[in-house]
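Student: Could we take a close look at one part of this protein together? I would like to learn how to read it step by step.

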Amino acid sequence: MNTLLKNVHKKCVVGILLCYGMLQFGYSQTQQVNIEAKDITLNQLLSEIRKQTGFDFVFTSSKLNFNRQVSPKFKDVPLTTVLNSFFNANEGVVYVFRNKTIVFMDEDKAEYRTIQGRILSKSTQQPVPGATVSIRDNKITTRSDAKGAFSMRIPEYAQVIEVRILGYEPENTPLTGSPQYTISLDEKTEGINEVVVTGMFTKNKESFTGSVKSLTIDEIKSVSNTNLIAAISMLTPGMRLVENNKNGSSPNSLPEIVVRGNSSLSQSSETTPNQPLIILDGIEITLRDLYDIDINEIERVDILKDASASAVYGERAANGVIVIERKRVTNDKIRLSYSLDGSIDIPDLSSYNYLHAGEKLEFERLAGLYNFELLGDLEDYNRKKLLISKGIDTDWMSRPLRTGFNLGNSLGFSGRSNTVTYRLNLNSRTTNGVMKED
């Protein structure tokens with residue numbers, strides 16, 4: 001019984017101290033300071049703050065220069081705003097609130113504690129995975145897991161948690177003495193059809209004055225799930241593919257993409273002067289890279305078709321810009337994806353009207369290819385006629401043909417650490433044409 005009472009007493013004391021610390025921190029956040037002076041020393045500034053707030057100061061850092069001249073100009077601002085203006089981790093000196101005392105110390109001597117929390121959507125109360133959780137004015141960063149939970153060790157001088165993720169408004173939450181936090185995010189109302197991705201930034205579609213065609217992955221796959229370039233050209237008015245006939249049917253040859261018409265003439269088949277600029281996740285890539293992209297990894301494609309794109313990309317955008325965004329990696333766990341697609345090609349010979357064997361033999365007879373006065377020609381004609389009567393008839397057009405097929409495999413790995421997103425994608429495609437041995 002005594003042990004139980006001691007434990008209860010101990011928990012009550014800890015709870016009271018924790019509540020007191022939280023109230024004290026909140027009090028420091030709301031304390032207002034009014035001070036306007038020119039060329040006063042740091043020591044004089046702290047003395048004035050002491051008079052207005054009642055806080056005492058303790059200095060354990062040798063980096064402070066109390067004779068440094070400052071010119072504060074604050075009117076009805078929180079105490080923390082004034083202190084942040086003259087003391088921060090960038091100078092190696094930080095401050096913490098302890099009861100009614102403000103302690104200044106070297107940054108590397110600050111104590112650390114662990115906090116935990118969850119990131120939720122305010123509208124649905126569902127967890128938000130992959131959100132970036134960081135401490136303001138500090139490099140400490142982590143991400144929420146698949147359940148929206150996060151955990152991080154923070155220094156005692158940390159003041160604000162910042163949470164950011166695509167599709168939600170940024171959220172700043174003041175730190176208190178509590179070890180647990182639940183942070184709710186407001187969803188952004190912009191949809192994929194309401195914005196334009198230029199490669200450098202995202203603009204509201206209504207405020208973007210340039211000519212642009214935006215495509216979703218569903219629209220692209222409705223045209224072709226294998227050839228990204230062909231699908232984009234079919235869905236984009238004015239965009240066309242120019243094949244180089246000198247390369248024949250070589251599978252390694254690439255067409256020239258024309259978005260804004262032919263602006264230059266080239267005598268060489270190796271150069272493509274009219275090709276648009278191609279941007280993948282903010283990085284310029286080649287036409288070959290575009291051809292090799294796994295179509296299942298794409299989120300959206302924007303084609304900027306007029307000269308306004310030059311304001312972002314410079315003169316290289318004179319032929320237009322193709323901006324591609326891949327699906328974002330949203331959490332720290334490794335994601336494994338596999339996709340399989342295929343198609344069948346059946347040769348169609350219905351448009352050809354050839355003679356069958358009997359008609360061909362009759363045509364040869366009428367053309368005078370057989371002299372029936374010669375025993376050899378007569379026997380050859382009768383032999384063929386006998387075979388035809390038995391139903392022998394060779395479809396010579398179908399002999400070099402077959403049913404072709406196209407089979408594609410895509411295996412992808414993706415994930416992210418605190419600062420790096422990584423992807424590994426393996427693609428294989430087997431194509432058998434309708435011509436045998438092709």
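At what angle do helix α2 and helix α3 pack, and how far apart are their axes?

Tutor: Happy to walk through this with you! Keep in mind that we are looking at a predicted model. Two packed helices are described by the angle between their axes and the distance between those axes. Here, helix α2 covers residues 42–53 and helix α3 covers residues 79–86; they pack at an angle of about 170°, and their axes are 12 Å apart. An angle over 145 degrees counts as roughly antiparallel, so α2 is roughly antiparallel to α3.

Now let's see who meets whom. On the α2 side, the residues in contact are Leu 45, Ile 49 and Thr 53. Their partners in α3 are Leu 79, Val 82, Leu 83 and Phe 86. Sorted by class, this contact of α2 with α3 has six nonpolar residues, one polar residue and no charged residues.

Next, try a little check on α2 itself. With 12 residues and 1.5 Å for each, α2 should span 16 Å, because the expected span is 1.5 Å times one less than the number of residues. The C-alpha atoms at its ends are 16 Å apart, which agrees.

Which residues of α2 are tucked away? The buried ones are Leu 42, Leu 45, Leu 46, Ile 49 and Thr 53. Around the axis these residues cover an arc of only 95°, so they sit on the same side of α2. Look back at the contact with α3, and you will find Leu 45, Ile 49 and Thr 53 there; these three are also among the buried residues of α2.

What comes after the helix? α2 is followed by Gly 54, and the phi of Gly 54 is positive, near 85°.

A positive phi also turns up at Asp 39, a residue other than glycine, with a value near 55°. Asp 39 is placed in the loop between β1 (32–36) and β2 (40–41). Its relative accessible area is 46%, so Asp 39 counts as partly exposed.

For one more example, go along the chain to Gln 125, which is not a glycine either and has a positive phi of about 60°. Gln 125 lies in the loop between β8 (112–121) and β9 (132–135). With a relative accessible area of 45%, Gln 125 is partly exposed.

To bring it back to your question: α2 and α3 pack at about 170°, and the buried residues of α2 lie on the same side of that helix.

Terms used: Residues are numbered from 1 along each chain as its sequence is written. This is a predicted model: local features need pLDDT of at least 70, side-chain atom pairs count only at pLDDT 80 or more; totals for chains, interfaces and linings use all residues. Side-chain values use heavy atoms; hydrogens and water are left out. Axes are lines fitted to C-alpha atoms, for helices over the stretch in contact, and angles run from 0 to 180 degrees between N-to-C directions. Helices (H or I, at least four residues) and strands (E, at least two) are DSSP runs, numbered from the N terminus. Angles under 35 degrees count as roughly parallel, over 145 as roughly antiparallel, 65 to 115 as roughly perpendicular and the rest as oblique. Contact means heavy atoms within 4.5 Å. Ala, Val, Leu, Ile, Met, Phe, Trp, Tyr, Cys and Pro count as nonpolar, Asp, Glu, Lys and Arg as charged, and the others, Gly among them, as polar. Buried means under 20% relative accessible area, exposed over 50%, partly exposed in between (1.4 Å probe, protein chains only). The arc is that of the directions from the helix axis to the C-beta atoms.
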